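Colleague: Could you take a close look at one part of this model for me? I would like to know how the helices pack and what the chains share.

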Amino acid sequence: MAFLEIPNVSIKGMAATMPANRKDNLTDPLVNDAEKILKNTGIQYRHLADEGMTASDLCEDAAKRLLSDLKWNAEEVDCLIFVRQTPDYILPASATILQDKLGLSQNAYALDVAMGCSGYVFGLSNIAALMQSGHFKKGLLLVGDTISRTCSVNDKSTYPLFGDAGTATALEYKEGAPTMKFHFGTDGSGKDAIIIPDGGSRNPFSEDSAREEDIDEGISRSKAQLVLEGMDVFSFGISKAPQSVKALLEHFEIDQETVDNFAFHQANLFMNEKIRKKLKIDPEKVPYSLPKYGNTSCATIPLTLISERKEALEKGSQKNVGCGFGVGLSWGSVYFETENLTISEIGILK
Amino acid sequence: MNKEEFIQFFAEQFDETEPEEFKAETEFRQLEEWDSMVALMVIAMIDEEYNVKVSGDDIRNSTTIADLMAVVESKK
């Protein structure tokens with residue numbers, strides 16, 4: 001079964017950086033029916049990366065500010081994992097570039113993980129598993145995407161929803177730290193529900209890839225741009241996300257009432273509220289950053305905790321559940337406890 | 001599965017279309033109010049009331065409410 005328990009690793013702090021360019025769905029001429037979109041998705045503002053700004057740039061900024069706020073030296077960081085779907089290059093891995101830009105030691109372990117909506121939960125399990133034996137004392141989990149740059153501006157099923165963000169989570173080996181608990185699921189038969197068909201090895205980028213095609217009313221895009229089959233993703237999300245959270249809580253005998261924060265992947269308000277109601281979670285325990293930032297792919301879980309729960313996480317202990325679900329199809333839930341975290345102010349990168 | 005009940009649940013997902021307009025043979029995708037949001041609400045209704053997961057193709061391949069009802073029945 002896809003349950004995992006990892007001891008001896010604790011989260012010390014979190015940071016997020018947004019691109020300076022902020023769009024308002026209500027005034028963006030590219031968004032039709034803006035009020036309806038706002039009502040159904042809950043998304044008003046989105047921060048969009050300009051050409052040339054990458055997810056690794058955003059994560060680099062978040063990581064530098066977090067290291068400074070934690071008073072950690074970059075050379076002390078033993079391992080770095082970068083979760084993303086929008087790397088700097090097809091190769092090399094962006095994590096190696098980040099090792100250099102952040103000034104990490106050449107003895108550091110650096111790895112990219114190519115995951116989206118479920119990526120924070122997977123990435124957290126990866127880095128915590130690496131660190132649990134105590135060989136690595138300090139680690140950085142960088143999670144972010146510039147997914148808006150993969151959307152067609154003429155696609156109403158993607159363009160108004162997605163924003164860009166980079167986050168950093170700092171972790172430390174600490175004997176006796178409360179165990180992190182995980183549940184994971186995967187269904188590759190749903191790969192076509194969220195996909196960029198061209199540009200990889202299966203369908204290499206060709207002249208044809210760049211041609212914009214009319215798919216449906218209000219939906220035109222090329223094969224090198226993001227496809228989101230809304231109905232399939234919705235149907236998947238409202239069944240798998242609650243199942244996963246339920247499985248996690250039941251398997252590890254965690255009382256739902258004792259959890260302070262349920263940070264869900266920010267897909268859209270209609271879907272997220274269905275999930276919350278199915279699990280019968282009190283609305284006060286379910287923070288939303290959707291109105292401010294939209295769907296920022298793998299960054300949504302840490303971004304939501306940073307933007308909506310800064311004070312609570314900084315002062316005292318909190319019990320948290322994170323749940324990511326989407327592209328893959330892939331989903332996962334995590335339970336982790338935090339104490340007096342360092343939460344950096346949200347950064348803006350120009 | 002109760003046919004009248006399914007049609008009633010289906011009709012409840014619409015704000016403006018009169019309930020009387022919904023019959024088993026109604027071609028729902030031709031209704032003026034039908035859009036991607038109503039589609040999601042129908043998917044959610046089927047999930048909640050029948051514990052059945054319908055896909056985008058299931059919706060697209062159904063012409064009438066009866067067609068969709070048959071899909072739900074087959075997946076139960």
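Modeller: What follows deals with one helix pair and then with the contact between the chains. This is a predicted model, in which local features need pLDDT of at least 70 and side-chain atom pairs count only at pLDDT 80 or more, while totals for chains, interfaces and linings use all residues. Residues are numbered from 1 along each chain as its sequence is written, and chains are lettered from A and ligands numbered from 1 in the order in which they are written.

In chain A, the axes of helix α2 (residues 55–70) and helix α3 (residues 94–102) come within 11 Å and cross at roughly 40°. Axes here are lines fitted to C-alpha atoms, for helices over the stretch in contact, with angles from 0 to 180 degrees between N-to-C directions; helices are DSSP runs of H or I with at least four residues, numbered from the N terminus. The angle makes α2(A) oblique to α3(A), a class left over once angles under 35 degrees (roughly parallel), over 145 (roughly antiparallel) and 65 to 115 (roughly perpendicular) are set aside. On the α2(A) side, the contact is made by A:Ser56, A:Cys59, A:Glu60, A:Ala63 and A:Lys64; α3(A) supplies A:Ser94, A:Ile97, A:Leu98, A:Lys101 and A:Leu102. Contact means C-beta atoms, placed from the backbone, within 7 Å.

Between the chains, 12 residues of chain B are in contact with 11 residues of chain A. On the chain B side, α2 (36–50) and α3 (56–60) each give two or more residues, and α2(B) gives the most, with seven residues.

Terms used
Two residues are in contact if their C-beta atoms, placed from the backbone, lie within 7 Å.
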